[in-house]
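Here are two short exercises to work through with the model open beside you. Try each task before reading its solution.

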Amino acid sequence: MERLVSTQHNPTFDPVGIIREKRDGRAWSPSQIHQLMENYVAGTFAEEQMAALLMAVVWRGMALDELAAWTEAMISSGRRIDLDALGQPTVDKHSTGGVGDKVSLVLVPLVASFGAAVPQMSGRGLGHTGGTLDKMDAIPGWRSDLSPDEVMRVLGEVGCLITAASSDLVPADHRLYALRDITATVESIPLIASSIMSKKVAEGTKSLLLDVKVGTGAFMTDLAEARTLAQRMIDVGEAHGVRTAAMLTTMDAPLGSAVGNALEVQEAIDVLSGAGPDDLRDLAVAEAEVMLDLVGIEGDPGVALRDGSALQRFEAMVQAQGGDPHAPLPLGRKLATVRADRSGVLRRLDARAVGMASFRLGAGRSRPGEQVSMTAGITCEVKPGQSVTTGQPILVLWGDDPSLIGSAEAALAGAIEVGDSPPSLPPPVLERLGC
Ligand code: URA
């Protein structure tokens with residue numbers, strides 16, 4: 001293994017010793033962490049060695065000071081954006097991802113309409129949850145690849161944007177995430193916390209709301225584990241001077257009614273127009289209140305949804321990013337309808353299964369870089385707790401490719417439960433943490 005490592009430029013660097021220390025449960029010093037990350041970025045700490053080290057972290061974890069140093073070392077691998085020139089309070093939001101989670105599309109312009117700058121650098125979807133950029137791509141002409149100058153221009157002119165993080169922002173994370181993906185080392189609280197928080201700190205926001213989803217359709221199904229992840233991310237944010245709060249929110253059923261790219265944009269626009277489903281609007285308002293609180297701005301987000309100011313800001317943001325906010329969205333055809341096989345109350349509509357079915361219709365990707373369909377998706381015509389009668393539509397499948405209906409329907413096996421008594425549903429917001 002040593003032959004893979006050049007020690008010429010790093011006479012004091014002992015890569016095998018560093019791996020062994022974590023393997024044996026000892027903590028690293030900040031200088032060891034910086035040294036190993038610098039050598040990884042420079043190619044003198046091999047991928048095989050990083051893979052072994054990541055597995056040691058999965059088993060042994062990291063103390064908070066290690067995690068803060070690891071995150072700092074990741075940030076130092078690239079550019080760090082300075083938003084001070086905007087002269088406005090900055091606040092962003094990160095969601096760990098859920099089915100039908102289009103809250104960012106509403107929240108970004110909504111919070112900006114109160115005078116905060118919202119620099120949302122977002123990602124693409126993988127698997128059964130969609131990505132914000134994939135959804136926004138449904139808007140004709142809209143561009144996610146803003147240059148650094150464009151980022152500052154759009155933020156200055158409109159006060160908000162949704163853009164892809166450029167490749168020079170935490171480049172170490174691009175490599176580490178790809179390596180974790182193929183070495184079964186994604187599921188580690190310090191590795192997840194550092195991956196998410198390094199990108200948020202590097203994008204320059206001074207305040208941050210984390211929406212940690214919990215439930216069948218989320219990355220985290222266990223409340224205690226979600227709480228630990230949220231607290232770790234808050235600790236890392238605060239260690240880097242970012243005021244950070246978290247909300248643990250329920251993700252057992254899809255959020256809102258629409259799942260799929262263009263369908264979700266349409267639903268977000270409905271909420272921005274003062275309509276749309278209650279659960280989506282209420283969560284967007286609750287999250288906006290916390291974000292405004294983080295930057296010390298008073299205001300009623302519900303009013304900004306009703307009076308058109310949030311919608312106006314959304315349209316200005318879309319236009320500033322090359323899109324046409326008034327062009328028709330690429331909505332697909334109705335491909336199939338899933339109906340209630342008895343009368344009663346919808347007790348369960350499994351978020352993961354609906355997300356998988358939408359993915360199989362073409363709305364999601366299984367590999368980074370894969371194309372996704374803008375038109376494919378599912379609408380939930382009934383939500384848990386509502387009554388149904390035999391034959392009533394529960395789900396409608398949308399898209400352009402009828403050959404995908406069979407596999408989408410197979411993903412829905414066992415996803416719907418109609419019973420006699422109403423379910424006891426968890427509250428939409430389970431807990432709040434941080435300032
Ligand atoms: N999202 C990220 O950006 N990183 C992770 O490790 C997990 C989810």
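**Exercise 1.** Find which atoms of the ligand and of the side chain of K199 lie 2.6 Å apart, then describe the ligand's surroundings.

*Solution.* Start with K199: an N or O atom of its side chain lies 2.6 Å from an oxygen atom of the ligand, a polar contact (a pair of N or O atoms within 3.5 Å). Next, the side chain of R180 places an N or O atom 2.9 Å from a ligand oxygen. The side chain of S195 has an N or O atom 2.6 Å from a ligand nitrogen.

Now look at cover: of the 230 Å² of accessible area (Shrake-Rupley, 1.4 Å probe) that the ligand has on its own, the protein covers 83%. Two elements, α8 (171–182) and α9 (189–202), each give two or more residues to the shell; helices here are DSSP runs of H or I with at least four residues, and strands are runs of E with at least two. The largest share, 4 residues, comes from α9.

Finally, list the shell, taking residues with a heavy atom within 4 Å: Y177, R180, I192, S195, I196 and K199.

A word on the source: this is a predicted model, where local features need pLDDT of at least 70 and side-chain atom pairs pLDDT 80 or more, while totals for chains, interfaces and linings use all residues. Numbering starts from 1 along each chain, and side-chain values use heavy atoms, without hydrogens or water.

**Exercise 2.** Work out the strand order of the open sheet of 3 strands.

*Solution.* First, β8 (residues 344–349) runs antiparallel to β12, with 4 bridges joining them; pairing requires at least two DSSP bridges. One of the partners to check is G419 in β12, bridged to V345. The full order is β10-β8-β12, with antiparallel pairing. The edges are therefore β10 (387–388) and β12 (416–419), each pairing on one side only.

Technical notes. Polar contact = N/O pair within 3.5 Å; in protein donor to acceptor, adjacent residues only side chain to side chain.
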